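Colleague: I have a model open and would like to learn how to read it. Could you take me through some features?

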Amino acid sequence: MPAEEKVLVIERKVFEDVGAFNGLATDVERYIDKLFAQGVPRFIPRPQAEIDPSFKQLIPYVIMTCQGKYLSYVRGKKAGEKRLVAKRSLGIGGHINPVDWTLFTADPYKTYLEAVQREVAEEVSVETKYQDKVIALLNDDSNEVGKVHLGIVHLWTLDEQKVERREQMITQMAFMTIPELQQIKDSMETWSQICLDGLSKIA
């Protein structure tokens, strides 16, 4: 019998104490310092995390851009989050598990950034140099998925459009301009719609 998956969370109270919001928050450092303070992030069973809004699962949401275009894809039937199947997405990433924390140091945020590299590498292969910048936090309490997740939005600026899929759940992957993405906005998951609306401000 497989071990129960555990995921990285913070207590919602921590998020509220720093300043709860809906949509995007670009004052990143203010949140990062509190969310990744020693002892704040921890792991709980995923089945509990998915239904208990007193916790927020910390989810890296990596947007990739190159030469004015943004990578997008459609989540296929193999997607781990069934509620997002067939939705177009701008973000690569997923839950942080204890295995990502094996290199734990005195700096939880540094360890998180190392975990992001591994999470992205599970889904896609990036065969070019890039710059990684955390540009926003993303929260949407308007639906059941959003209530239990808190996105950390990374912008990876790639030197070249050299990205290949590794996961079966990634389909119809392409680099697209903002106007092209706006035309298909209705097919996107909520987080991607929020990011698309804010890209001109945060990118």
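What follows goes from the whole chain to single residues, one helix and the aromatic pairs.

Modeller: This is a predicted model, where local features need pLDDT of at least 70 and side-chain atom pairs count only at pLDDT 80 or more, while totals for chains, interfaces and linings use all residues. Residues are numbered from 1 along each chain as its sequence is written, and side-chain values use heavy atoms, with hydrogens and water left out.

Colleague: How many helices and strands does the chain have?

Modeller: Helices (H or I, at least four residues) and strands (E, at least two) are DSSP runs, numbered from the N terminus. Here there are 7 helices and 11 strands.

Colleague: What share of the residues counts as buried?

Modeller: Buried means under 20% relative accessible area, exposed means over 50%, and partly exposed lies in between (1.4 Å probe, protein chains only). Of the 203 residues in the chain, 50% are buried. For contacts, the rule is heavy atoms within 4.5 Å. Among contacts in the chain with a separation of 6 or more, 75% come from residues 24 or more positions apart.

Colleague: Where does N97 lie, and which residues does it touch?

Modeller: N97 sits in the loop between β6 (88-89) and α4 (108-123). With a relative accessible area of 18%, N97 is buried. Beyond its neighbours within four places in sequence, N97 is in contact with E5, K6, V7, F43 and E119.

Colleague: Which polar contact does the side chain of N97 make with another side chain?

Modeller: A polar contact is a pair of N or O atoms within 3.5 Å; within protein, one must be able to donate a hydrogen and the other to accept it, and residues adjacent in sequence count only if both atoms are side-chain atoms. The side chain of N97 has such a contact of 2.9 Å with the side chain of E5. A polar atom of the N97 side chain also lies 2.9 Å from the backbone oxygen of K6. For another loop residue, take E50, between α3 (46-49) and β4. E50 is buried at a relative accessible area of 15%, and its side chain makes a polar contact of 3.5 Å with that of Q57.

Colleague: How many angstroms should α4 span?

Modeller: The expected span is 1.5 Å times one less than the number of residues. For the 16 residues of α4 that gives 22 Å, and the end C-alpha atoms are 23 Å apart, which agrees. At the start of α4, a side-chain oxygen of D107 comes within 3.1 Å of the backbone nitrogen of Y109. The buried residues of α4 include Y112, A115, V116 and E119. The strands that the buried residues of α4 pack against include β4 (55-66), β5 (69-75) and β9 (149-158).

Colleague: How many aromatic pairs are there?

Modeller: A pair of aromatic rings is described by the distance of the centres and the angle of the planes. Rings of Phe, Tyr and Trp (its six-membered ring) pair if their centres lie within 6.5 Å; planes under 30 degrees apart count as stacked, over 60 as edge-to-face and the rest as tilted. The count is 8 aromatic pairs. F15 and Y31 form a tilted one, 6.5 Å centre to centre with 40° between the planes. F15 lies in helix α1 (residues 12-19) and Y31 in helix α2 (residues 28-35), so this pair ties together parts 16 residues apart in sequence. Both F15 and Y31 are buried.
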